[in-house]
Amino acid sequence: MLRKSGLTGALLAAMTVFAAPAHAEWALNMTKGVTELSGEIYSLHMTIFWWCVAIGIFVFGWMILSLVKYRKSQGAVPDTTMVHSTKAEIIWTVLPVLILIVMAVPAARTLIKLEDASNTELTIRVTAYQWKWQYEYMDSGVTFFSSLSRESDAARQLDSGIDPASVPHYLLSVDNPLVVPVGKKVRLLLTSQDVIHAWWVPALAIKKDAIPGFINEMWFQILPDKAGIYRGQCAELCGRDHGFMPIVVDARSPADFAAWIAQHKTPTSN
Amino acid sequence: MAHSATDTHADHDHHGPAKGFIRRWVMATNHKDIGTMYLVFAGIMFFIGGAMAMVIRAELFKPGLQFLDPQLFNSMTTMHALFMIFGGVMPAWVGLANWMIPMQVGAPDMALPRLNNFSFWILPFAFLLLISTLFVPGGSPAGGWTLYPPLSVQGGDSLPMAIFAIHMMGISSILGSINVIVTLMNMRAPGVTLLRMPLFCWTWLITAYLLILVMPVLAGAVTMLLTDHFFGTTFFSASGGGDPVLFQHVFWFFGHPEVYILILPAFGVVSEVIPTFSRKPLFGFESMVYATASIGFLSFIVWAHHMFTVGMPLAGQMFFMLTTMLIAVPTGVKVFNWSATMWKGSISFEPPMLFAIAFLFLFTIGGFSGLMLAMVPADFQYQDTYFVVAHFHYVLVPGSIFSIIAGIYYWLPKWSGHMYNMKLAKWHFWLSAIFVNVLFFPQHFLGLAGMPRRIPDYSTQFSDWNAVSSIGAFGFGLSQLLFPIAIWQCVRGGVQATDRVWEGAHGLEWELPSPAPYHSWGTPPSLEVINRGSVH
C-alpha cells in the first residue's frame, strides 16, 4: 500500500515537473503556450513523448532483463540455436508501423490547421535584418524597428562586468515590442533583407524562416484571456549577433490595441 | 593453432614493413599501415574538434560573454562540426574498414593499395587547409557546417579555402569507398559468399555506395556557392533569380545520407561485438542486412525534414514527415535484433561489450528524440533549438563514437598482439558513459524551454542546465585522454593475446594469429576455416 502511494506520488511529482513553466529555472519541458494550436502542439509533443516512454520501458526492460538474467558470471548457458524467428520479426515490424500510424494522424491534423492562414484579421509584415526586426502593420501603416534593449546590449559585451542576472529579461527584451490584439487571427508575412533568419516565439508555437527575396506566411490567434508579454528569439544562425535579436510580443485586448494603433499612426498615413 | 595463414606469413617475411618513415608511412600501400594512419589521424582530429567543443562549453558555462567574440564562437561551432564529422568519424570508419575488411573476407590486402595511399594522404592537407582558415582575415567559416547561403558567402578569404578543403575530403571519401566496394566484390576468398560476409562488411558496403552517391552532390552544392561568390552566378540569390532554399535542398540531399554514413558502420561493429560477448550468433542476420539496405534507401527521401521551417507546401511537409517516421521501422528491427541476440545468451562485460551496451541504450534515446522531431507541428517548436543538438549528439557520440571505441577495444588485441589494461578501459567506459549523459541529456530540457542553438550567450533562465552540461563536457573531454593511454600501453606491450582473443569471437579475423600477419590472408582460408569462422 505504502509502495503504491509512493509510486503515485513520484508520478504526480514527475507530472508537476513537466507542467512547470518555461521561465522557471531548471525548466524541463515546453509550455502549453497561449494559442489553441500551441496547446494542440503541446499535447502532440506529450503524446509522442509518452509513446516513447512506453516503448522505452519495453525495450530497455527487455535489455536490462537480458543483462541481469543471462550473465555468464551467473552460469548462463547460451542458446545458440536461437538465431531467427519469422514470427517475432513480423511482429516487431508491423507493430511499430501501427504505432506510427496512430501518431501520424493527430500530427497531420494539427499540421493542416497550422497551414490554414485564411480569414486573418490583421496582417503584419516582418522584415529581418542583421540583427533586428522591422514590423509593419499593413492596414494602418504603423512601422518600426525592434532591437535588443540597451541594458541587455551593454551587459552582453565581452567582459562587460555587468551581471546578466541584474538585467531584467537579459537578452529577451527589446526597445519596441510587437503589439498585437488577443482573440484576433494575426497573419505574419516574413521576409529578410540580408541572410536567412527565423521568427520564433515559443508561447505561440510558430517558427518560420525569413528568407531574402521570398515571402513566408504564418499566423497565430492568442486566446482572449491571454493578454501579456511573450518572448522569443531568432532561431536561424544569421551571423555574429544571431544570439542578440530577440522578439517580444505584447498581446493586448482589442480595445487597448486599437488605442495603441491610433497613438502610433503618423499623421500622413491613413 | 596451425593454419594456412601462418605458413603464408613465413613465406612473406621479406614483405614485412618497409624501413624508414617515408618508405613505410608516406609510401604506404599496406592496408594495416594505412588503417593505422587513418585511425591516428582521426584520433588527432577528435581531440582538435573536442578542444573546440570545450571552448564552446566554457563560453556557455554561464550567461554573459567571458572568453569569445560572438564571431569566433560561431567559427568554433562550425569548425567543431567539420572536424568531428569529416576529420573524426568518417576517417575512423575508413581506418577500421582498412584494418578489418581484408581480414574478414579472407583477402591479403585492399584491392587498390595505391589508391588507398592517395585517399589517406589527401586528408592531412585538406585539414591543414581548413584549420589554417583560423588565421586568415575575417576568421574561419562561421556560418555553420551546413554553409547556408547567403550567410556563408558573407565569409572572407576562408570561404574558398573551406570549399577546397571540402572538395579534397570528398575526393578522399569517394576513393576510399571505391576501394571498399572493389575489395568486397572482388577479393572475397572463395566460399565467402555475400551473405556470409560479416555485418561490418555489409554495413560498410552500403555506406560506400551512399558515399559515392552523395559526395558529388555536396561538391556540386559548394561549387555553386563558390561561383555565386566569385563569378557572379546567382544560384542561391533571389536578386538574380536564384533561391537560397535550393542550397538547403541540395545540401540535405547529401546531408541526410551523410548521417547514415556516420552511423551504418557503427551498426556493423555493434552487430559483431554483441554476439561475441553474448556467446550467441547474431539474431536475424538477413533481416539486419535488409534493414541496413532499407535505411540506406530511405535516407534519400527524407532530406527536407532538416528544413521544415523554410515554408514548404503542405503536401511536401506531409511526405517528409511520413517517410521520416518510416525510418523508425528498420531501425527498430535492428534494436530488437540486438536485444534478441542478448536474450538467452551468456553475457560478459569486457570493454567492447560495455561500449556496445551503452550504444544500445543511448542510441535508442537518440532514436526517440528523432521520432519526436519527425512530427512536423512539434518540430516547429524543436527546430534549431538545443533539443536538436541533444538529438544528434546522442546518435553521434554514444552512437557513432562509442561504436568506434568499441571496435577499437574489440580488435586492438588482434592488431597489437597484446591485451590492453582492462581496468583502465573500464574506467574509460564508466567515466564516458556517465559524463556523456550529464553533457547531453540536459540539452533536451534547454531546447524544450526555448533555447536556440548556435548562440554564444543566453538568457539567465537557461543558466542551470547549461552549467550542468558544461561540467559534463569537461568530464567527458578529460575522460577521453584515457583512451590514447590505453592504446599506447597496449601497442607497447602487455599480456600476449590468443588468436581467438575473446572466448565467443567468430569470424575470419580471429582465425589469423595475433598480431595479424602483415599481409593478412596470403593464401585464401580453406572452406574448413571459413566454416569455423562463419557466424551464421
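# Reading the terms in a predicted model

Q: What makes the residues of strand S4 (residues 178-181) of chain A buried, and which way do they point?
A: In this predicted model, A:Leu178 and A:Val180 point one way from S4(A), while A:Val179 and A:Pro181 point the other way. All of these residues are buried. A residue earns that word if 20 or more other C-beta atoms lie within 10 Å of its own.

Q: What makes S4(A) and strand S10 (residues 246-252) of chain A a pair?
A: Pairing requires at least two bridges between the strands. Four bridges join S4(A) to S10(A), so the requirement is met. The strands run parallel, and A:Val180 has A:Ala251 in S10(A) as its bridge partner.

Q: How do you know that strand S1 (residues 122-129) of chain A and strand S2 (residues 132-137) of chain A pair, and in which sense?
A: At least two bridges are needed, and S1(A) and S2(A) have six, in the antiparallel sense. In S2(A), A:Glu136 is the residue opposite A:Arg125.

Q: Why are strand S3 (143-146) and strand S8 (216-221) of chain A said to stand at the edges?
A: The open sheet has five strands in the order S3-S2-S1-S5-S8 (chain A), with mixed pairing. S3 and S8 of chain A each have a single partner strand, so one side of each lacks a neighbour in the sheet. Neighbouring strands in this sheet are turned by 25° against each other on average, direction ignored.

Q: Why are H2(A) and H3(A) called roughly antiparallel?
A: The axes of helix H2 (residues 36-69) and helix H3 (residues 86-114) of chain A come within 11 Å and cross at roughly 165°. Angles over 145 degrees count as roughly antiparallel, and H2(A) and H3(A) are therefore given that description. The crossing is left-handed.

Q: Which residues of H2(A) and H3(A) meet, and what are they like?
A: From H2(A), the residues include A:Leu37, A:Ile41 and A:Trp51; from H3(A), they include A:Ile99, A:Met103 and A:Lys113. The contact residues divide into 10 nonpolar, two polar and two charged.

Q: What share of chain A counts as buried?
A: Of its 270 residues, 36% do. Chain A has five helices and 10 strands.

Q: How many residues does each chain bring to the contact between chain A and chain B?
A: Chain B gives 80 residues and chain A gives 81. On the side of chain B, H11(B) supplies the largest share, nine residues. The residues on that side of chain B divide into 45 nonpolar, 27 polar and eight charged.

Terms used: Residues are numbered from 1 along each chain as its sequence is written. Chains are lettered from A and ligands numbered from 1 in the order in which they are written. This is a predicted model: local features need pLDDT of at least 70, side-chain atom pairs count only at pLDDT 80 or more; totals for chains, interfaces and linings use all residues. Axes are lines fitted to C-alpha atoms, for helices over the stretch in contact, and angles run from 0 to 180 degrees between N-to-C directions. Helices (H or I, at least four residues) and strands (E, at least two) are DSSP runs, numbered from the N terminus. Angles under 35 degrees count as roughly parallel, over 145 as roughly antiparallel, 65 to 115 as roughly perpendicular and the rest as oblique. A crossing is left-handed if the near helix is turned anticlockwise from the far one by less than a right angle, and right-handed if clockwise. Two residues are in contact if their C-beta atoms, placed from the backbone, lie within 7 Å. Ala, Val, Leu, Ile, Met, Phe, Trp, Tyr, Cys and Pro count as nonpolar, Asp, Glu, Lys and Arg as charged, and the others, Gly among them, as polar. A residue is buried if 20 or more other C-beta atoms lie within 10 Å of its own, exposed if 12 or fewer, and partly exposed in between; C-beta atoms are placed from the backbone.
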